[in-house]
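Here is a friendly tour for the bench, with the structure to follow along. Have it open beside you as you read.

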Amino acid sequence: MNKFIIHAPNIHQGGGKTLLLPLLLSLNNKVPVVAFLDERLSMPNINISGLTIIDVKSSISGRIIGEYELIKYAKEGDTVLCFGNLPPALKLKSEVILFLQNSYLVNNISLDGFSLKNKIRILLERFWLSFCNKNADRVIVQTVSMQRSISLKLNRKSDVIPFYDSDADEVVNSSESEKIYDFVYVASGEPQKNHLNLIEAWKILAKENIYPSLCLTLSSHKYHELVRYVNDSCKKDNLNIYNRQEINQVNIKDIYSCSQALIFPSTVESFGLPLIEAKAASLPIIASELDYVRDVVVPDVTFDPNSPVSISRAVKRFMKINQKIEPIITSEEFLRNLIPSFEN
């Protein structure tokens, strides 16, 4: 192999960033590396000889220029890792490996709840992936669920190679930390993260005089409407919910260490990094009963993510609060309930 090229022009936050940075830090001096990176990506100092970083502007013209630069750099004998879910627009002379981690691109999932801008972006990326996926020689995913989706959507094989650099040794032992939150949900505010049903479940619990504490990690800048709804719900229903807005990998570990359990109601994930992080932090996991969850962890309690009632019941099971179940009575008792004089 002559050069190793990492093409990640649209990775600058979230799970993609969490996976990309350790990958860059794992590079050694044995092979020359060229990394096409999003200009918005905040980078640690990487001192590796032979590493060339090319910033790609976060615009349509920037992406087009980045594609052109990739064609110019990728030669026969090189290996290109496309880390941003999309294959090259044109067939390259080098070997191309596509790392695909966006489940919205390979599943027919409704885009309701997304802004018009994001809907258009996802639809264009779906078209790009469908039209250009043959430009990739190999596809890598992180779960069996994603592998099935790619087989159905793209009619091609993929390899399941999950990876994650755990900092479990750096996570404060949860049994030794002061617990501030009963539950934590580390997630952005996209519709599939299912915050609305989670808040509705907390309202159901409040009606039963149950007020568990919940920590969210929503940016008020990016998801101001959702944050406003959470705040209004807390005031109206006296919900015990806190929002830690400015988070990074350091204070995420702090949040895990002072939480009793992770609750994860997301309806769609390609990997579910918080599930892996919670497992590394030895946190109990209450999660959706969906394939993507059991691809990576064995949850302690599960629920139907589409049902706030199911979520609230799972919370009570975890908290060891008895569920009230109405007794089943006989037909005669039923009639006596309707007609008091029936037994006379």
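Lys-324 and Glu-326 are both exposed, and their side chains meet in a salt bridge with an N to O distance of 3.8 Å. Please keep in mind that this is a predicted model. The points below go through the salt bridges, then two helices, then the aromatic pairs.

**Salt bridges**

- The structure holds 14 salt bridges, and the pair of Lys-324 and Glu-326 is one of them.
- Another joins Lys-57 to Glu-39, whose closest N and O atoms are 4.0 Å apart.
- Lys-57 sits in the loop between strand 3 and helix 2, while Glu-39 sits in the loop between strand 2 and strand 3, so this pair ties together parts that are 18 residues apart in sequence.
- Lys-57 is exposed, because its relative accessible area of 52% is over the 50% cut-off.
- Glu-39 has a relative accessible area of 39% and is partly exposed.
- Arg-138 forms a salt bridge with Asp-159, and here the closest N and O atoms are 2.7 Å apart.
- That pair links distant parts of the chain, with Arg-138 in strand 6 (residues 138-141) and Asp-159 in strand 7 (residues 159-160), 21 residues apart.
- Both partners can be placed by their accessibility: Arg-138 is partly exposed at 32%, and Asp-159 counts as partly exposed at 33%.

**Helix 2**

- Helix 2 covers residues 60-73, which makes 14 residues.
- From its first C-alpha to its last it reaches 20 Å, close to the 20 Å expected at 1.5 Å a residue.
- Which residues of helix 2 are buried? They are Gly-62, Arg-63, Gly-66, Glu-67, Glu-69 and Leu-70.
- Viewed down the axis of helix 2, these buried residues fall within an arc of 165°, so they line one face of the helix.
- As background, an α-helix has 3.6 residues a turn, so residues three or four places apart point the same way.
- The face of helix 2 turned away from the buried side carries the exposed residues Ile-60, Ile-64, Ile-65 and Tyr-68.
- The buried residues of helix 2 pack against strand 1 (4-8), strand 2 (33-38), strand 3 (51-56), strand 4 (79-82) and helix 3.

**Helix 6**

- Helix 6 (residues 224-237) has 14 residues, which should span 20 Å at 1.5 Å a residue, and its end C-alpha atoms are indeed 20 Å apart.
- Its buried residues are Leu-226, Val-227, Val-230, Ser-233 and Cys-234.
- Down the axis of helix 6, the buried residues fall within an arc of 125°, so they line one face of the helix.
- What do the buried residues of helix 6 pack against? Their partners are helix 5 (195-207), strand 9 (214-216) and strand 10 (241-243).
- On the other side of helix 6, Glu-225, Lys-235 and Lys-236 are exposed.
- Asn-238, just after helix 6, takes a positive phi of about 60°.

**Aromatic pairs**

- There are ten aromatic pairs in the structure.
- In one of them, the rings of Tyr-104 and Phe-114 have their centres 5.3 Å apart and their planes at 80°, so the pair is edge-to-face.
- Tyr-104 and Phe-114 both lie in the loop between strand 5 (95-99) and helix 3 (116-132), so the pair ties together parts that are ten residues apart in sequence.
- Are these two rings buried or exposed? Tyr-104 counts as buried at 6% relative accessibility, and Phe-114 counts as buried at 12%.
- Tyr-185 and Phe-264 form another edge-to-face pair, 5.5 Å centre to centre with 90° between the planes.
- This second pair links distant parts of the chain: Tyr-185 is in strand 8 (residues 181-185) and Phe-264 is in strand 11 (residues 259-264), 79 residues apart.
- Tyr-185 counts as buried at 0% relative accessibility, and Phe-264 is buried with a relative accessible area of 1%.
- Phe-83, Phe-99 and Phe-163 form one aromatic cluster.

Methods. Residues are numbered from 1 along each chain as its sequence is written. This is a predicted model: local features need pLDDT of at least 70, side-chain atom pairs count only at pLDDT 80 or more; totals for chains, interfaces and linings use all residues. Side-chain values use heavy atoms; hydrogens and water are left out. Helices (H or I, at least four residues) and strands (E, at least two) are DSSP runs, numbered from the N terminus. The expected span of a helix is 1.5 Å times one less than its number of residues. Buried means under 20% relative accessible area, exposed over 50%, partly exposed in between (1.4 Å probe, protein chains only). The arc is that of the directions from the helix axis to the C-beta atoms. Contact means heavy atoms within 4.5 Å. Rings of Phe, Tyr and Trp (its six-membered ring) pair if their centres lie within 6.5 Å; planes under 30 degrees apart count as stacked, over 60 as edge-to-face and the rest as tilted.
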